[in-house]
Amino acid sequence: MRFGIVVFPGSNCDHDTLYVLKHVLGQESFFLWHKDHDLKQADCIILPGGFSYGDYLRSGAIARFSPLMQEIKEFALSGGIVLGICNGFQVLLELGLLPGAMLRNKNLKFLCQNVHMRIENTETPFTNKGKPGQVLNIPIAHFDGNYYSDSHHLKKIIQNHQIILRYCDSEGRLNEESNINGSMEHTAGLINENNNVLGMMPHPERASEILLGSCDGRIIFESIINYLK
Amino acid sequence: MMDKETIKEHGITQQEYKKIVDLIKREPNLTELGIFSLMWSEHCSYKSSKIYLKKFPTSGENVIQGPGENAGIIDIGDGLAAVFKIESHNHPSFLEPYQGAATGVGGILRDIFTMGARPIATLDSLHFGPLSVSKNKAIMEGVVSGIAGYGNSIGVPTVGGETFFDECYSLNPLVNVFCLGIVKKKKIFYARAEGKGNPVLYVGSKTGRDGIHGATMASAEFGEDLEEKRPNVQVGDPFKEKLLLEACLEVMEKDLVLGIQDMGAAGLTCSTTEMAANSGSGIEIDLDLIPQREKGMTPYEIMLSESQERMLIVAKKEKVEQVQDVFAKWDLDAVIIGQVTDNQHLKVNSGGQKAVDLPVSAIVNLCPVYDRETKPYSPSPPKVEFHDIPLPDNYESIFLQIIKSPGLSDKEWVFRQYDHMVQTNTAVLPGADASVLRIKNTSKALAVTLDGNSFYTYSNPKSGGKIAVAEACRNLACVGARPIGVTNCLNFGNPEKPEIMWQFKEAVEGIAQACRIFHIPVTGGNVSFYNDTEGTSIYPTPVLGVVGMIHDLNKITTPDFKGPENIIILLGKSKEELGASEYLKKIHSLKKGPPPEIDLEKEKRVQALCLEAISQGLLKSAHDLSEGGLAQCLAECCILGKKRMGCQVDLLDSIRTDSLLFGETQSRILISLERKHLDVLKDLAKKIEVPFSIIGKTGGKQVCIKHLGKIIIDIPIQKVYSSWKNSIPNHFKII
């Protein structure tokens, strides 16, 4: 499987994501420079975490204008698998490939910690190796992860089961305290209507080695590999 | 003739001015005076500390670079080296907490990647005034978010550090930032300007008027003109620095540059003169070519600006275009502003006129060195008398008060604002004795800790220095790491006061002695004097940053109890000591010494035992005893883990109960292990000659501590946890 990881100026989880895919999971993986117009026949495109363009103006707002985004948009619209992690999720929202927007975390602070999330839908390219209701332990690290959507779109994404990961407690219960950043509907991961573009705030690449405390993030990557097989 | 007022404003004494005139055989012009004022400032020249810093042991078989460069370098095998350094950003962080702290992070990161290393972690030692004062809270909030704002954006994890509180920091908080990087041994770069005619390139952000006189500001006391100094604080742009980091590492990887130096304190002045001085060469630059943020800047302003995110590169002549291509790829300027010469002068032209023409050695090497007067305290600080301290009747409430003392309570409020996981190397997260970072593609890890106790150092500067080293190394031993190198940040008051200079001399001696006994080289550091506001000095605060090596990733140990029915053992022996303890300060409102005694040989044996037991795989947990003593340590072992684990302990030493629980006797480590390993451990302890006592076992839902069979503390673990956990967040709650 060929994974292309986009490098924007200010991306800082690009190397981490490449490391997991290449060295932990043994996949063919490479960087894609944001100024290019070539996806290098990637089967899956990953927009990694970080602070593209410093997140000045608004998280992800400038990165969407990068030259390569044109190709990525076409790739996504023709059914290609695209995963946006953290800042990558924010870019996907700005690009309009996913509905909604991000607000500041409810406590108005940057949050870096391990959190729990529940798999709500396993019939996707990103979660097919998980079990329905399975609780994953994966870290977050963001300032703007408080998902917001207008009521019209919100209704739609709920109906379509597009919220495929929800923040929860260690037992899988949804409550105010475990909804760490205040996201509507506890949204931690949101998929598009066509089931091929996922944005998620938690960092699966930080939870793919037992040395780092959790391997739950691998479920996301292994699901993609399984789907593309 | 330069008037006296101007000279004084530049922080230069009349004698120093005379020396300048002697050295350059004429009067300097204003720009030249500005250059001297920066480079001869305490911050840049170390003129008051130099004679003492020589006492540090700086050599060792693995030392690649000792003091004198941007950072120290230690060989860690596998063709790799660890590059590390600590710096203070105290004065700016008081004036403008967010930007002061943020640019502190930016500065230390540049020190590391200037040498070709990719920064893999930062840690911070923070000292604030008490949180009961709202101004202190605002400073803390600003500093923490400044560190977060910069470090998170650039993608270097902030993996730990320390946060302490005392009145003495109310008007003079301390922000010390440590950074660790990894470099390929074959790709180390230095600040050199070699080869006549080689081009000098300016890369990174444009130059503005920010930060003019930053280094001079850091070399004077604060008076009532505080607010006026706010414009001296620089403004950071972490995004620009991220681009600069990637571009610099790329030109270095491609072997396109000969020498490189960051523009930190004293900006263009420092980078040009130091590069030339290091190579015995000269540099000639044209200020008209410098990318400028605003119009009409004078040569004085350009030379003295401390605008952030700038570097100076000396490139191979034939590779200039390739260098510029790499910077263009990262959307950065790389402009040729001059060339290397062989006349040992710094020549600066502006508008076709000569603005500066100074011998480099006068600026860099010939700054006066002072052997300032020292005088021990008189009278010496008060010492505690045991009979003055009533024995408490209720240890439980005291225990809970100690646990929630802000210095000892949970710091998650701080570190969860930092991305401490990016780069996916953080094997031991903040909150443990030391943070541990694995080195990808090897079986090794590096452990890092920052340590210091300013009240110990105030009460007895030499002991304080020794204890800082001992405790930092003990922290490393608890995670299973052997110390390989030290950097230090020495925060003191005004060195022109003999008592302060004495504190400094004594503390340096203590640190030097301990480093020699532990066989760890000091590879550099930073001295921050003039931590005085309105005439009041901080406690002397040496902060030690120690890096340790873990050879086997599988042998990393953490402080928390791992399961029930494990045996709890105290390595070392508790003495009847209460001086300078958190207990005295917090419970009895007594700020009295002396600090606990320290026997460095004994300390070494305790650490050796801990390390040996870890390497044999005997231990479930190991945790250092420090502030708050045995009670604090036990509590942390119970609550730091994912699964909180109670304990039942009976202490059999016949000393005062309060001293036993809260005394801060040195050279003690609390370990837990399975019963089956007990005999091996006993044999080891005997062999290494370390006293120990089996004090109890893990399990249950209570923290239960007896003294000579009598229950003195028996509290549900949940209650201990919430006291500890909520202390700092409660101070910041918005009502």
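These legends accompany close-up views of a predicted model.

**View 1. Chain B as a whole.**
Chain B has 25 helices and 28 strands. Its C-alpha atoms fill a box of roughly 85 × 55 × 50 Å along the principal axes. The radius of gyration is 26 Å, which agrees with the value near 27 Å for a compact globule of 735 residues. Of the 735 residues of chain B, 61% count as buried. Contacts reach across the sequence: among those between residues at least 6 apart, 85% join residues at least 24 apart.

**View 2. The largest nonpolar core.**
This core holds 307 residues. Which members touch the most others? They are M39(B), V257(B), C610(B) and L634(B). Take L634(B) as an example. Setting aside residues up to four places away in sequence, L634(B) touches C647(B), V649(B), L670(B), V703(B) and I705(B).

**View 3. Helices α21 and α24 of chain B pack at about 145 degrees.**
Helix α21(B) spans residues 600-615, and helix α24(B) spans residues 678-688. Their axes lie 10 Å apart. The crossing is right-handed. From α21(B) come R605(B), A608(B), L609(B), E612(B) and A613(B). They meet L681(B), L684(B), A685(B) and I688(B) of α24(B). By class, this contact has seven nonpolar residues, no polar ones and two charged ones.

**View 4. A613(B), a buried residue of helix α21.**
A613(B) sits in helix α21 of chain B. Why does A613(B) count as buried? It has 26 other C-beta atoms within 10 Å, and the cut-off for burial is 20 or more. Beyond its neighbours within four places in sequence, A613(B) is in contact with L618(B), L619(B), I671(B), L681(B) and L684(B). G480(B) is 133 residues from A613(B) in sequence, yet the two C-alpha atoms are 9.1 Å apart.

**View 5. Helices α8 and α10 of chain B pack at about 35 degrees.**
Helix α8(B) covers residues 134-154, and helix α10(B) covers residues 238-253. The axes are 9 Å apart. The crossing is right-handed. On the α8(B) side, the contact is made by G149(B), Y150(B), S153(B) and I154(B). On the α10(B) side, it is made by P238(B), F239(B), E241(B), K242(B) and L245(B). Five of these residues are nonpolar, two are polar and two are charged.

**View 6. Chain A meets chain B.**
How many residues does each chain bring to the contact? Chain A gives 22 and chain B gives 24. On the side of chain A, α1 (14-24), β6 (111-119) and β7 (135-142) each supply at least two residues. The largest share of that side, three residues, comes from β6(A). By class, the side of chain A that touches chain B has 13 nonpolar, five polar and four charged residues.

**View 7. Helix α3 of chain A is mostly covered.**
Helix α3(A) runs over residues 87-95, and nine of its nine residues are buried. Among them are F89(A), V91(A), L92(A) and L93(A), along with N87(A) and E94(A). What covers the buried residues of α3(A)? The cover includes β3 (44-47), α2 (68-77), β4 (81-85), β5 (101-103) and β11 (197-200) of chain A. Just after the helix, G96(A) takes a positive phi of about 85 degrees.

**View 8. Two residues other than glycine with positive phi, D55(A) and E534(B).**
Most residues other than glycine have a negative phi. D55(A) has phi near 55 degrees. Its place is in the loop between β3 and α2 of chain A. D55(A) is buried, with 23 other C-beta atoms within 10 Å. E534(B) has phi near 50 degrees. E534(B) lies in the loop between β19 (532-533) and β20 (536-537) of chain B. With 11 C-beta neighbours inside 10 Å, E534(B) counts as exposed.

**View 9. Cis peptide bonds before P379(B) and P594(B).**
Most peptide bonds are trans. The bond from S378(B) to P379(B) is cis, with omega near -5 degrees. P379(B) is in the loop between α14 (360-364) and α15 (395-403) of chain B. G593(B) and P594(B) are also joined by a cis bond, with omega about -5 degrees. Where is P594(B) found? It is in the loop between α20 (582-588) and α21 of chain B.

Terms used:
Residues are numbered from 1 along each chain as its sequence is written. Chains are lettered from A and ligands numbered from 1 in the order in which they are written. This is a predicted model: local features need pLDDT of at least 70, side-chain atom pairs count only at pLDDT 80 or more; totals for chains, interfaces and linings use all residues. Axes are lines fitted to C-alpha atoms, for helices over the stretch in contact, and angles run from 0 to 180 degrees between N-to-C directions. Helices (H or I, at least four residues) and strands (E, at least two) are DSSP runs, numbered from the N terminus. A crossing is left-handed if the near helix is turned anticlockwise from the far one by less than a right angle, and right-handed if clockwise. Two residues are in contact if their C-beta atoms, placed from the backbone, lie within 7 Å. Ala, Val, Leu, Ile, Met, Phe, Trp, Tyr, Cys and Pro count as nonpolar, Asp, Glu, Lys and Arg as charged, and the others, Gly among them, as polar. A nonpolar core is a set of buried Ala, Val, Leu, Ile, Met, Phe, Trp, Tyr and Cys residues joined through C-beta atoms within 7 Å. A residue is buried if 20 or more other C-beta atoms lie within 10 Å of its own, exposed if 12 or fewer, and partly exposed in between; C-beta atoms are placed from the backbone. The radius of gyration is taken over C-alpha atoms; the globule rule is 2.2 Å times the number of residues to the power 0.38.
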